[in-house]
Amino acid sequence: MGSIYEAEAFLRKKMEDMGIVPQVGIVLGSGLGGLADKIRVAGRVAYSEIEGFPVSTVEGHKGEYIFGYIEDTPVMLMNGRVHFYEGYPMRQVVVPVQVMGLIVKKIILTNASGSLNRDFRPGTLMCITDHISSFVPSPLIGPNDEKLGTRFPEMSQIYNRDFQKILHEVADEQGIPLVDGVYVQVTGPAYESPAESKFYAICGGDAVGMSTACEAVMLNYMGVKLLGISCITDMAIDNEDTPVTHEEVQKIAGESSEKLISLVYNTVIRM
């Protein structure tokens, strides 16, 4: 596999050809790729074009970087992520966001998740204020690259409070309901058992999913300022009689995408 610095150099050459220097990065979660249709696109780079890059095997995750503009703000979109459950080592799972973090220092992470909070119904948008990543391996295990960050990084404020404030202001102005909550990452690919969901809720979680927290750990370590938004697609906490399917998750995410796209679009302009 090529190094993250080789991938960065490859993308910077592509960006130079496009005439763009992105200021904000956005990671698009399951069923939330519609934002790509709302930007003025300058160019695209498929992961498969980058030497040794991991490629997503999950439906709904295209696996490409998109460069373009939201109004006058140059942006870099990650359309599709790879997941730990696909069999990649955690270090490789975070490579796409790691390379993005070498290029931009402000990133919005989005995902679809199951609710652990009975007040958060499907279709709810949640501002991620903190996370629990204890149920998956850390992407920082292994030799430390001092060019990226310190061996023992501080994690008391992973998600930037100023960005959270902007997000809430935009939500209020647009009349979009937005809640705050703690996101829990688990390995997947199986959805949570009823007992597991109750356990994660007892641990302090409001939503559960199979991505994002590992990316946030890596990016925070690299000094990137983060905003996290989760789209609640199902009730993980009350799933005894309501089985969850990937198709249903994508359906609810798709139905909520207009609100999320509007929220992200107008937040980026103020970041």
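Which residues have the most contacts inside the largest nonpolar core? In this predicted model, they are Leu-11, Tyr-65, Ile-107 and Leu-226, and the core that holds them has 49 residues. The element that gives the most to this core is helix H6, which runs over residues 213-221 and supplies seven residues.

Take Leu-226 as a place to look in detail. Leaving aside residues up to four places away in sequence, Leu-226 touches Ile-107 and Leu-109. Its contacts also include Ile-158, Tyr-159, Asn-160 and Phe-163. The list is completed by Ala-216, Leu-219 and Asn-220. Of these partners, Ile-107 is itself among the residues with the most contacts inside the core.

The structure also has a second core, separate from the one just described. This second core has 32 residues, among them Leu-32, Ala-36, Ile-229 and Val-264.

Next, consider the enclosed empty space. The count comes to one cavity of 30 Å³ or more. About 50 Å³ of space lies in the largest cavity. Its lining is made up of Ile-26, Leu-28, Leu-32, Leu-35, Thr-110, Leu-260, Ile-261 and Val-264. Two of the names, Leu-32 and Val-264, appear both in the second core and in this lining.

Where do the lining residues come from? Strand S1 (24-28) and helix H7 (246-270) are the elements that give two or more residues each. Helix H7 provides the largest share, with three residues. Sorted by character, the lining holds seven nonpolar residues, one polar residue and no charged ones. Thr-110 is the polar one, because the set that counts as nonpolar does not include Thr.

Conventions. Residues numbered from 1 in each chain as written. Predicted model: local features only at pLDDT ≥ 70, side-chain atom pairs only at ≥ 80, totals over all residues. Heavy atoms only, no water. Core = buried A, V, L, I, M, F, W, Y, C linked by side-chain atoms within 4.5 Å. Buried < 20%, exposed > 50% of the residue type's maximum accessible area, 1.4 Å probe, protein only. Helix = DSSP H or I, 4+ residues; strand = E, 2+ residues; numbered from the N terminus. Contact = heavy atoms within 4.5 Å. 1 Å grid on protein atoms, 1.4 Å probe; cavity = no way out; pocket = protein on both sides within 12 Å on 5 of 7 lines; lining within 4 Å. Points joined across faces, edges and corners; volume = space filled by probe spheres on them.
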